[in-house]
Amino acid sequence: MLRVRDLVRPGLEPVTLGIAQGECVALVGPSGSGKSLLLRAIADLDPNQGEVSLGDTRREDMPAPQWRRRVAYVPAESGWWADDTGAHFPERERTVALLARMGLAETILASPVARLSTGERQRLALVRALLVEPEVLLLDEPTSGLDQAAAGHVETILRECLDRDAAILMVTHDPEQAERLARRQLTIEGGRIRDGEGAAPEGASQ
Amino acid sequence: MSYIVLGYWDIAAASVLLVLNALLSIAMGLKLERQLLLAAARMVVQLAIVGLVLKALFAAVSPWLTAAAALFMILFAGREVLARQTRRFTGWWAYGLGTSSIMAAAIIVTVLALTTQVKPDPWYDPRYAIPLLGMILGNTMTGVSLGLDRLVTGAVRERTAIEAQLALGHEMPWAIQPVTREALRGGLIPIVNAMAAAGVVSLPGMMTGQILAGVDPVEAVKYQLLIMFLIAGGTGLGVLTAVLAGARRLTDGRHRLRLDRLSAPTAD
(Lines give C-alpha, C1' and ligand atoms only; values in the text may rest on other atoms or scores of the structure.)
Protein backbone atom coordinates (compact mmCIF):
# COMPACT_ATOMS: atom_id res chain seq x y z
CA MET A 1 0.00 0.00 0.00
CA LEU A 2 2.61 2.52 1.10
CA ARG A 3 5.77 2.13 -0.89
CA VAL A 4 9.04 3.94 -0.27
CA ARG A 5 11.98 3.50 -2.61
CA ASP A 6 15.42 5.06 -2.20
CA LEU A 7 14.22 7.80 0.10
CA VAL A 8 17.15 10.10 0.85
CA ARG A 9 17.48 12.99 3.24
CA PRO A 10 20.25 14.32 5.48
CA GLY A 11 20.66 11.88 8.36
CA LEU A 12 19.34 8.87 6.46
CA GLU A 13 20.89 6.33 4.12
CA PRO A 14 18.62 5.52 1.16
CA VAL A 15 15.55 3.79 2.60
CA THR A 16 13.37 1.28 0.82
CA LEU A 17 10.33 -0.19 2.53
CA GLY A 18 6.77 -1.20 1.94
CA ILE A 19 3.72 -1.63 4.15
CA ALA A 20 0.66 -3.59 3.14
CA GLN A 21 -2.98 -2.72 3.82
CA GLY A 22 -3.99 -3.56 7.36
CA GLU A 23 -0.37 -4.08 8.35
CA CYS A 24 1.39 -2.54 11.32
CA VAL A 25 5.16 -2.23 11.12
CA ALA A 26 7.18 -1.32 14.20
CA LEU A 27 10.21 0.89 13.75
CA VAL A 28 12.78 0.27 16.45
CA GLY A 29 16.30 1.48 17.07
CA PRO A 30 18.36 3.60 19.45
CA SER A 31 17.64 7.31 19.97
CA GLY A 32 19.02 9.50 17.23
CA SER A 33 19.13 6.66 14.73
CA GLY A 34 16.77 8.46 12.33
CA LYS A 35 13.34 7.02 13.18
CA SER A 36 11.61 10.40 13.43
CA LEU A 37 13.56 11.70 10.43
CA LEU A 38 12.17 8.84 8.38
CA LEU A 39 8.57 9.48 9.45
CA ARG A 40 8.91 13.21 8.74
CA ALA A 41 10.38 12.51 5.32
CA ILE A 42 7.56 10.12 4.38
CA ALA A 43 5.04 12.79 5.45
CA ASP A 44 7.01 15.21 3.23
CA LEU A 45 7.55 17.68 6.06
CA ASP A 46 11.28 17.96 5.30
CA PRO A 47 12.99 18.16 1.91
CA ASN A 48 13.81 14.66 0.67
CA GLN A 49 14.26 12.74 -2.54
CA GLY A 50 13.04 9.33 -3.57
CA GLU A 51 9.93 7.60 -4.71
CA VAL A 52 7.07 7.45 -2.25
CA SER A 53 3.65 6.27 -3.32
CA LEU A 54 0.31 5.24 -1.93
CA GLY A 55 -1.28 2.49 -3.98
CA ASP A 56 -0.59 3.55 -7.56
CA THR A 57 -0.38 7.24 -6.84
CA ARG A 58 2.98 8.94 -6.44
CA ARG A 59 3.29 11.51 -3.70
CA GLU A 60 4.26 14.23 -6.17
CA ASP A 61 1.05 13.71 -8.13
CA MET A 62 -1.06 15.21 -5.39
CA PRO A 63 -0.77 18.46 -3.42
CA ALA A 64 1.21 18.03 -0.21
CA PRO A 65 -1.76 18.83 2.11
CA GLN A 66 -3.78 16.06 0.46
CA TRP A 67 -0.88 13.63 0.85
CA ARG A 68 -0.64 14.45 4.53
CA ARG A 69 -4.35 13.87 5.05
CA ARG A 70 -3.95 10.41 3.56
CA VAL A 71 -0.59 9.67 5.24
CA ALA A 72 -0.89 11.23 8.67
CA TYR A 73 2.15 11.89 10.84
CA VAL A 74 1.65 12.15 14.61
CA PRO A 75 4.89 13.40 16.21
CA ALA A 76 6.03 12.49 19.70
CA GLU A 77 5.71 16.12 20.75
CA SER A 78 2.30 17.45 19.74
CA GLY A 79 1.77 21.02 18.57
CA TRP A 80 -1.17 23.28 19.47
CA TRP A 81 -2.06 26.44 17.63
CA ALA A 82 -4.78 27.85 19.87
CA ASP A 83 -5.01 28.34 23.65
CA ASP A 84 -8.34 26.60 23.77
CA THR A 85 -8.34 22.79 23.42
CA GLY A 86 -11.76 22.71 21.76
CA ALA A 87 -10.57 24.99 18.94
CA HIS A 88 -8.45 22.14 17.61
CA PHE A 89 -11.51 19.93 17.14
CA PRO A 90 -14.07 21.52 14.83
CA GLU A 91 -16.19 18.39 14.46
CA ARG A 92 -17.68 18.12 17.92
CA GLU A 93 -19.77 14.96 17.62
CA ARG A 94 -17.16 12.68 16.07
CA THR A 95 -14.58 14.07 18.46
CA VAL A 96 -16.61 13.29 21.55
CA ALA A 97 -17.27 9.73 20.40
CA LEU A 98 -13.56 9.09 19.89
CA LEU A 99 -12.57 10.87 23.13
CA ALA A 100 -14.72 8.49 25.16
CA ARG A 101 -13.01 5.51 23.61
CA MET A 102 -9.61 7.01 24.51
CA GLY A 103 -10.71 7.29 28.12
CA LEU A 104 -11.05 11.07 27.96
CA ALA A 105 -14.04 13.09 29.15
CA GLU A 106 -15.80 15.58 26.90
CA THR A 107 -15.07 18.34 29.41
CA ILE A 108 -11.41 18.22 28.41
CA LEU A 109 -12.33 20.24 25.31
CA ALA A 110 -13.23 23.17 27.55
CA SER A 111 -9.89 23.34 29.33
CA PRO A 112 -6.94 25.36 28.04
CA VAL A 113 -4.14 23.46 26.28
CA ALA A 114 -1.64 24.71 28.87
CA ARG A 115 -3.45 22.72 31.56
CA LEU A 116 -3.40 19.37 29.74
CA SER A 117 -1.06 16.64 30.94
CA THR A 118 1.47 15.06 28.58
CA GLY A 119 -0.63 11.92 28.30
CA GLU A 120 -3.79 13.89 27.54
CA ARG A 121 -2.04 15.86 24.83
CA GLN A 122 -0.68 12.72 23.31
CA ARG A 123 -4.08 11.06 23.09
CA LEU A 124 -5.77 14.26 21.86
CA ALA A 125 -3.16 14.59 19.10
CA LEU A 126 -3.93 11.04 18.01
CA VAL A 127 -7.68 11.76 18.07
CA ARG A 128 -7.09 14.84 15.94
CA ALA A 129 -5.23 12.77 13.34
CA LEU A 130 -7.71 9.89 13.36
CA LEU A 131 -10.61 12.27 12.66
CA VAL A 132 -9.01 13.03 9.28
CA GLU A 133 -9.39 9.28 8.51
CA PRO A 134 -5.96 8.72 7.01
CA GLU A 135 -5.07 5.57 5.09
CA VAL A 136 -1.60 5.40 6.62
CA LEU A 137 -0.63 6.42 10.15
CA LEU A 138 2.95 7.39 10.93
CA LEU A 139 3.09 7.33 14.72
CA ASP A 140 6.08 8.46 16.77
CA GLU A 141 5.88 6.70 20.15
CA PRO A 142 2.09 6.93 20.46
CA THR A 143 1.93 5.55 24.00
CA SER A 144 5.24 6.67 25.56
CA GLY A 145 3.67 9.03 28.10
CA LEU A 146 0.62 6.92 28.94
CA ASP A 147 -0.26 4.68 31.85
CA GLN A 148 -1.18 1.08 31.11
CA ALA A 149 -4.94 1.65 30.92
CA ALA A 150 -4.62 4.58 28.52
CA ALA A 151 -2.07 2.73 26.40
CA GLY A 152 -4.55 -0.14 26.24
CA HIS A 153 -7.25 2.19 24.86
CA VAL A 154 -4.86 3.48 22.24
CA GLU A 155 -3.82 0.00 21.17
CA THR A 156 -7.45 -1.11 20.85
CA ILE A 157 -8.24 1.84 18.62
CA LEU A 158 -5.14 1.24 16.50
CA ARG A 159 -6.08 -2.39 16.07
CA GLU A 160 -9.49 -1.28 14.76
CA CYS A 161 -7.77 0.99 12.26
CA LEU A 162 -5.81 -2.01 11.03
CA ASP A 163 -9.04 -4.00 10.71
CA ARG A 164 -10.39 -1.21 8.52
CA ASP A 165 -7.35 -1.71 6.23
CA ALA A 166 -5.31 1.27 7.37
CA ALA A 167 -1.55 0.78 7.49
CA ILE A 168 0.58 1.84 10.46
CA LEU A 169 4.28 2.60 10.71
CA MET A 170 5.02 3.09 14.38
CA VAL A 171 8.11 4.08 16.33
CA THR A 172 8.13 2.28 19.67
CA HIS A 173 10.59 1.58 22.46
CA ASP A 174 8.37 -1.09 23.97
CA PRO A 175 9.22 -4.56 22.58
CA GLU A 176 6.02 -6.01 24.01
CA GLN A 177 3.91 -3.43 22.28
CA ALA A 178 5.73 -4.12 19.02
CA GLU A 179 5.00 -7.80 19.56
CA ARG A 180 1.30 -7.16 20.26
CA LEU A 181 0.54 -4.83 17.36
CA ALA A 182 3.10 -5.32 14.64
CA ARG A 183 3.55 -8.15 12.23
CA ARG A 184 7.05 -6.97 11.33
CA GLN A 185 9.83 -4.93 12.87
CA LEU A 186 12.29 -2.68 11.10
CA THR A 187 15.50 -1.90 12.92
CA ILE A 188 17.11 1.40 12.07
CA GLU A 189 20.66 2.10 13.15
CA GLY A 190 22.80 5.08 12.22
CA GLY A 191 20.30 6.22 9.59
CA ARG A 192 20.00 2.90 7.79
CA ILE A 193 17.50 0.09 7.92
CA ARG A 194 19.05 -3.26 8.74
CA ASP A 195 19.58 -5.32 5.61
CA GLY A 196 16.68 -7.34 4.23
CA GLU A 197 14.07 -5.88 6.56
CA GLY A 198 12.64 -3.14 4.41
CA ALA A 199 10.67 -4.89 1.73
CA ALA A 200 6.96 -5.52 2.10
CA PRO A 201 5.72 -9.10 1.98
CA GLU A 202 3.81 -8.40 -1.22
CA GLY A 203 4.44 -6.29 -4.31
CA ALA A 204 7.79 -5.00 -3.13
CA SER A 205 10.68 -4.31 -5.42
CA GLN A 206 14.26 -5.38 -5.02
CA MET B 1 12.02 83.19 5.32
CA SER B 2 13.98 84.57 8.20
CA TYR B 3 16.24 82.58 10.38
CA ILE B 4 19.15 83.30 12.66
CA VAL B 5 22.44 82.24 11.14
CA LEU B 6 24.72 80.50 13.62
CA GLY B 7 28.37 81.38 13.84
CA TYR B 8 31.03 78.72 14.42
CA TRP B 9 31.74 80.18 17.86
CA ASP B 10 28.10 79.66 18.84
CA ILE B 11 28.45 75.96 18.14
CA ALA B 12 31.78 75.79 19.93
CA ALA B 13 30.16 77.39 22.97
CA ALA B 14 27.41 74.78 23.00
CA SER B 15 29.97 72.02 22.81
CA VAL B 16 31.21 73.09 26.24
CA LEU B 17 28.21 71.14 27.57
CA LEU B 18 29.79 68.03 26.10
CA VAL B 19 33.00 68.74 27.98
CA LEU B 20 30.92 68.99 31.16
CA ASN B 21 29.50 65.55 30.41
CA ALA B 22 33.01 64.19 29.95
CA LEU B 23 34.11 65.72 33.27
CA LEU B 24 31.08 64.14 34.93
CA SER B 25 32.07 60.78 33.47
CA ILE B 26 35.60 61.14 34.86
CA ALA B 27 34.40 62.30 38.26
CA MET B 28 31.89 59.47 38.61
CA GLY B 29 34.12 56.79 37.12
CA LEU B 30 31.68 56.01 34.30
CA LYS B 31 34.52 55.33 31.84
CA LEU B 32 32.34 56.88 29.15
CA GLU B 33 34.50 59.93 28.38
CA ARG B 34 36.45 58.33 25.55
CA GLN B 35 33.33 56.96 23.85
CA LEU B 36 31.53 60.25 24.40
CA LEU B 37 34.22 62.33 22.75
CA LEU B 38 34.75 59.85 19.93
CA ALA B 39 31.01 59.74 19.20
CA ALA B 40 30.86 63.52 19.24
CA ALA B 41 33.86 63.79 16.90
CA ARG B 42 32.28 61.23 14.58
CA MET B 43 29.06 63.18 14.54
CA VAL B 44 30.84 66.43 13.67
CA VAL B 45 32.75 64.83 10.80
CA GLN B 46 29.75 62.90 9.44
CA LEU B 47 27.41 65.87 9.52
CA ALA B 48 30.03 68.20 8.03
CA ILE B 49 30.49 65.80 5.13
CA VAL B 50 26.74 65.42 4.69
CA GLY B 51 26.35 69.20 4.69
CA LEU B 52 28.98 69.59 1.98
CA VAL B 53 27.62 66.69 -0.09
CA LEU B 54 24.09 68.04 0.09
CA LYS B 55 25.28 71.52 -0.84
CA ALA B 56 27.01 70.15 -3.94
CA LEU B 57 24.06 67.92 -4.75
CA PHE B 58 21.54 70.78 -4.44
CA ALA B 59 23.68 73.00 -6.63
CA ALA B 60 24.03 70.37 -9.35
CA VAL B 61 20.34 69.30 -9.57
CA SER B 62 21.47 66.29 -11.59
CA PRO B 63 19.10 63.31 -11.87
CA TRP B 64 22.06 60.91 -11.89
CA LEU B 65 23.79 62.30 -8.84
CA THR B 66 20.47 62.40 -6.99
CA ALA B 67 19.77 58.78 -7.94
CA ALA B 68 23.25 57.75 -6.82
CA ALA B 69 22.78 59.42 -3.43
CA ALA B 70 19.35 57.78 -3.06
CA LEU B 71 20.80 54.36 -3.89
CA PHE B 72 23.58 54.84 -1.35
CA MET B 73 21.02 55.72 1.34
CA ILE B 74 18.85 52.70 0.48
CA LEU B 75 21.75 50.24 0.53
CA PHE B 76 22.90 51.62 3.85
CA ALA B 77 19.37 51.29 5.30
CA GLY B 78 19.35 47.69 4.07
CA ARG B 79 22.49 46.99 6.04
CA GLU B 80 20.82 48.42 9.11
CA VAL B 81 17.81 46.11 8.63
CA LEU B 82 20.19 43.16 8.37
CA ALA B 83 22.06 44.16 11.53
CA ARG B 84 18.83 44.16 13.54
CA GLN B 85 17.87 40.55 12.73
CA THR B 86 18.55 37.98 15.44
CA ARG B 87 18.05 35.17 12.92
CA ARG B 88 18.73 35.76 9.26
CA PHE B 89 17.83 34.05 6.04
CA THR B 90 20.69 32.16 4.46
CA GLY B 91 22.71 33.50 1.54
CA TRP B 92 21.69 36.48 -0.53
CA TRP B 93 18.21 36.54 1.02
CA ALA B 94 19.55 37.87 4.33
CA TYR B 95 20.37 41.25 2.79
CA GLY B 96 18.22 41.10 -0.32
CA LEU B 97 14.81 40.58 1.23
CA GLY B 98 14.85 43.56 3.58
CA THR B 99 16.72 45.85 1.20
CA SER B 100 14.47 45.21 -1.81
CA SER B 101 11.37 45.72 0.35
CA ILE B 102 12.46 49.09 1.70
CA MET B 103 13.77 50.08 -1.72
CA ALA B 104 10.45 49.38 -3.44
CA ALA B 105 8.37 51.01 -0.72
CA ALA B 106 10.55 54.12 -0.27
CA ILE B 107 10.95 54.78 -4.00
CA ILE B 108 7.25 54.36 -4.79
CA VAL B 109 6.12 56.66 -1.98
CA THR B 110 8.83 59.29 -2.54
CA VAL B 111 8.22 59.51 -6.29
CA LEU B 112 4.47 59.65 -5.70
CA ALA B 113 4.87 62.52 -3.25
CA LEU B 114 7.26 64.41 -5.54
CA THR B 115 5.12 64.11 -8.63
CA THR B 116 1.66 64.63 -7.16
CA GLN B 117 1.90 66.61 -3.91
CA VAL B 118 5.12 68.56 -3.45
CA LYS B 119 5.72 69.05 -7.18
CA PRO B 120 9.15 70.76 -7.28
CA ASP B 121 10.61 71.66 -10.66
CA PRO B 122 12.24 69.44 -11.84
CA TRP B 123 10.42 66.71 -9.89
CA TYR B 124 13.70 65.06 -8.84
CA ASP B 125 15.10 68.31 -7.35
CA PRO B 126 17.41 66.88 -4.65
CA ARG B 127 16.51 69.65 -2.20
CA TYR B 128 13.11 67.93 -1.86
CA ALA B 129 13.83 64.39 -3.02
CA ILE B 130 16.71 63.58 -0.65
CA PRO B 131 15.16 64.77 2.67
CA LEU B 132 11.81 63.18 1.78
CA LEU B 133 13.47 59.89 0.90
CA GLY B 134 15.54 60.04 4.07
CA MET B 135 12.54 60.45 6.35
CA ILE B 136 10.49 57.76 4.59
CA LEU B 137 13.47 55.41 4.47
CA GLY B 138 14.34 55.79 8.14
CA ASN B 139 10.85 54.86 9.28
CA THR B 140 10.31 52.11 6.71
CA MET B 141 13.63 50.62 7.78
CA THR B 142 12.48 50.42 11.41
CA GLY B 143 9.17 48.82 10.46
CA VAL B 144 10.74 46.29 8.11
CA SER B 145 13.41 45.23 10.62
CA LEU B 146 10.79 44.72 13.32
CA GLY B 147 8.40 42.90 11.00
CA LEU B 148 11.03 40.53 9.64
CA ASP B 149 12.43 39.83 13.08
CA ARG B 150 8.97 39.01 14.44
CA LEU B 151 8.24 36.78 11.45
CA VAL B 152 11.38 34.72 11.79
CA THR B 153 11.43 34.41 15.57
CA GLY B 154 7.69 33.64 15.50
CA ALA B 155 8.11 30.87 12.94
CA VAL B 156 10.90 29.30 15.00
CA ARG B 157 8.92 29.60 18.25
CA GLU B 158 5.67 28.25 16.75
CA ARG B 159 7.34 25.46 14.83
CA THR B 160 5.50 22.56 16.46
CA ALA B 161 2.15 24.36 16.19
CA ILE B 162 2.70 25.14 12.50
CA GLU B 163 3.89 21.64 11.68
CA ALA B 164 0.99 20.10 13.63
CA GLN B 165 -1.37 21.87 11.25
CA LEU B 166 0.65 20.90 8.19
CA ALA B 167 0.66 17.26 9.31
CA LEU B 168 -3.14 17.38 9.50
CA GLY B 169 -3.27 18.53 5.90
CA HIS B 170 -3.69 22.27 6.38
CA GLU B 171 -2.06 24.57 3.86
CA MET B 172 0.99 26.61 4.77
CA PRO B 173 -0.51 30.10 4.36
CA TRP B 174 -3.20 29.09 6.85
CA ALA B 175 -0.79 27.45 9.30
CA ILE B 176 1.62 30.39 9.42
CA GLN B 177 -1.07 33.08 9.43
CA PRO B 178 -0.93 33.88 13.17
CA VAL B 179 2.81 34.46 12.83
CA THR B 180 2.55 36.68 9.74
CA ARG B 181 -0.24 38.66 11.35
CA GLU B 182 1.84 39.20 14.49
CA ALA B 183 4.80 40.26 12.31
CA LEU B 184 2.72 42.78 10.36
CA ARG B 185 1.38 44.23 13.60
CA GLY B 186 4.86 44.46 15.05
CA GLY B 187 6.10 46.33 11.99
CA LEU B 188 3.24 48.82 11.97
CA ILE B 189 2.91 49.63 15.66
CA PRO B 190 5.80 52.16 15.81
CA ILE B 191 4.23 54.39 13.17
CA VAL B 192 0.82 54.13 14.84
CA ASN B 193 2.42 55.18 18.13
CA ALA B 194 4.36 57.97 16.44
CA MET B 195 1.18 59.40 14.93
CA ALA B 196 -0.73 59.15 18.21
CA ALA B 197 2.04 60.91 20.15
CA ALA B 198 2.84 63.57 17.53
CA GLY B 199 2.38 67.08 18.86
CA VAL B 200 1.53 66.02 22.41
CA VAL B 201 4.45 63.93 23.57
CA SER B 202 6.90 64.75 20.80
CA LEU B 203 7.25 67.75 18.51
CA PRO B 204 8.25 66.18 15.21
CA GLY B 205 11.80 67.10 14.20
CA MET B 206 10.99 68.35 10.74
CA MET B 207 8.20 70.62 11.93
CA THR B 208 10.42 72.04 14.66
CA GLY B 209 13.12 72.63 12.08
CA GLN B 210 10.82 74.48 9.76
CA ILE B 211 9.53 76.65 12.59
CA LEU B 212 13.09 77.55 13.57
CA ALA B 213 13.71 78.40 9.91
CA GLY B 214 10.92 80.96 10.13
CA VAL B 215 8.06 79.02 8.52
CA ASP B 216 4.56 79.79 9.77
CA PRO B 217 3.64 77.06 12.32
CA VAL B 218 0.43 76.16 10.50
CA GLU B 219 2.36 75.70 7.25
CA ALA B 220 4.94 73.59 9.11
CA VAL B 221 2.14 71.42 10.50
CA LYS B 222 0.78 70.90 6.98
CA TYR B 223 4.18 69.67 5.86
CA GLN B 224 4.48 67.43 8.89
CA LEU B 225 1.09 65.86 8.21
CA LEU B 226 2.08 65.15 4.64
CA ILE B 227 5.29 63.53 5.84
CA MET B 228 3.53 61.41 8.45
CA PHE B 229 1.10 60.10 5.84
CA LEU B 230 3.95 59.35 3.47
CA ILE B 231 5.87 57.58 6.25
CA ALA B 232 2.80 55.54 7.18
CA GLY B 233 2.29 54.58 3.54
CA GLY B 234 5.94 53.66 3.04
CA THR B 235 6.08 51.65 6.25
CA GLY B 236 2.89 49.78 5.43
CA LEU B 237 4.06 48.93 1.94
CA GLY B 238 7.55 47.93 3.06
CA VAL B 239 6.39 45.81 6.00
CA LEU B 240 3.76 44.05 3.89
CA THR B 241 6.26 43.26 1.12
CA ALA B 242 8.98 42.07 3.49
CA VAL B 243 6.74 39.94 5.73
CA LEU B 244 4.82 38.28 2.89
CA ALA B 245 8.00 37.61 0.90
CA GLY B 246 9.68 36.31 4.07
CA ALA B 247 6.75 34.00 4.81
CA ARG B 248 6.97 32.65 1.26
CA ARG B 249 10.68 32.08 1.68
CA LEU B 250 9.91 30.06 4.83
CA THR B 251 7.89 27.57 2.83
CA ASP B 252 8.01 25.79 -0.52
CA GLY B 253 5.72 24.20 -3.09
CA ARG B 254 5.17 21.19 -0.82
CA HIS B 255 3.85 23.30 2.07
CA ARG B 256 6.81 22.60 4.36
CA LEU B 257 8.16 24.88 7.07
CA ARG B 258 11.67 25.57 5.78
CA LEU B 259 13.55 26.70 8.89
CA ASP B 260 16.65 25.28 7.19
CA ARG B 261 16.61 28.49 5.14
CA LEU B 262 17.56 30.42 8.27
CA SER B 263 21.06 30.63 9.63
CA ALA B 264 21.93 30.12 13.27
CA PRO B 265 21.02 32.99 15.57
CA THR B 266 23.65 35.71 15.88
CA ALA B 267 24.87 36.36 19.38
CA ASP B 268 24.13 39.80 20.73
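Two strands are taken to pair if DSSP finds at least two bridges between them, and this criterion underlies the description of the sheets in the predicted model discussed here. In chain A, the residue A:Cys24 has A:Ile168 as its bridge partner in strand β8(A).

## Strand β8 of chain A and its partners

Strand β8 of chain A covers residues 167–171, and its pairing can be followed on two strands. With strand β3 (residues 24–28) of chain A, β8(A) pairs in the parallel sense over 4 bridges. With strand β7 (residues 136–140) of chain A, β8(A) again pairs in the parallel sense, here over 5 bridges, and A:Asp140 has A:Val171 as its bridge partner in β8(A). Helix α5 (residues 148–163) of chain A joins this arrangement, since β7(A), α5 and β8(A) make a right-handed β-α-β unit.

The surroundings of β8(A) agree with its description as mostly covered, with 5 of its 5 residues buried. In a regular strand the side chains alternate between the two faces of the sheet. For β8(A), both faces are covered: A:Ala167, A:Leu169 and A:Val171 are buried on one side, and A:Ile168 and A:Met170 are buried on the other.

## The antiparallel sheet of chain A

A further sheet in chain A is open and is formed by 4 strands in the order β2-β1-β4-β5, with antiparallel pairing. The strands β2 (12–19) and β5 (57–58) of chain A stand at its edges, each with a single partner strand, so one side of each is left without a neighbour in the sheet. Strand β1 (residues 2–9) of chain A pairs with β2(A) in the antiparallel sense over 5 bridges, and A:Arg3 stands opposite A:Gly18 in β2(A).

## Helix α1 of chain A

Helix α1 of chain A spans residues 35–42, and 7 of its 8 residues are buried, so the helix is largely enclosed by the rest of the structure. The buried residues of α1(A) are A:Lys35, A:Ser36, A:Leu38, A:Leu39, A:Arg40, A:Ala41 and A:Ile42. After α1(A) comes A:Asp44, whose phi is positive, near 65°.

## The two chains as wholes

The secondary structure of chain A consists of 6 helices and 10 strands. Its radius of gyration is 17 Å, close to the 17 Å that the globule rule gives for 206 residues, so chain A is as compact as a globular protein of that length. Chain B, in contrast, has 11 helices and 0 strands, and its pattern along the sequence is therefore written with helices throughout, as α-α-α-α-α-α-α-α-α-α-α.

The extents and buried fractions of the chains are set out below.

| Chain | Span of the C-alpha trace along the principal axes | Buried residues |
|---|---|---|
| Chain A | about 50 × 35 × 30 Å | 42% of 206 residues |
| Chain B | about 70 × 55 × 40 Å | 33% of 268 residues |

In chain A, residues 24 or more positions apart account for 75% of the contacts with a separation of 6 or more. In chain B, among contacts between residues at least 6 apart in sequence, 75% join residues at least 24 apart.

## Domains of chain B and residue B:Pro217

Chain B is divided into domain 1 (1–60) and domain 2 (61–261), and the C-alpha centres of these two domains of chain B lie 30 Å apart. Their contact takes 7 residues from domain 1 of chain B and 12 residues from domain 2 of chain B. On the side of domain 1 of chain B that touches domain 2 of chain B, there are 6 nonpolar residues, 1 polar residue and no charged residues.

Within chain B, B:Pro217 is found in helix α11 (residues 217–249). With 10 C-beta neighbours inside 10 Å, B:Pro217 counts as exposed, because the cut-off for that class is 12 or fewer. The C-alpha atoms of B:Pro217 and B:Met207, 10 residues apart along the chain, are separated by 7.9 Å.

## The contact between chains A and B

The contact between the chains takes 20 residues from chain A and 15 residues from chain B. On the side of chain A that touches chain B, the elements giving two or more residues are α2 (64–70), β6 (71–74) and α4 (118–130) of chain A, and the largest share, 5 residues, comes from α2(A). By class, this side of chain A has 11 nonpolar, 3 polar and 6 charged residues.

Technical notes: Residues numbered from 1 in each chain as written. Chains lettered and ligands numbered in written order. Predicted model: local features only at pLDDT ≥ 70, side-chain atom pairs only at ≥ 80, totals over all residues. Domains from an automatic or database assignment. Contact = placed C-beta atoms within 7 Å. Nonpolar A, V, L, I, M, F, W, Y, C, P; charged D, E, K, R; others polar. Buried ≥ 20, exposed ≤ 12 C-beta atoms within 10 Å, placed from the backbone. Right-handed = clockwise from strand over helix to strand, strands pointing away. Rg over C-alpha atoms; globule rule 2.2 N^0.38 Å.
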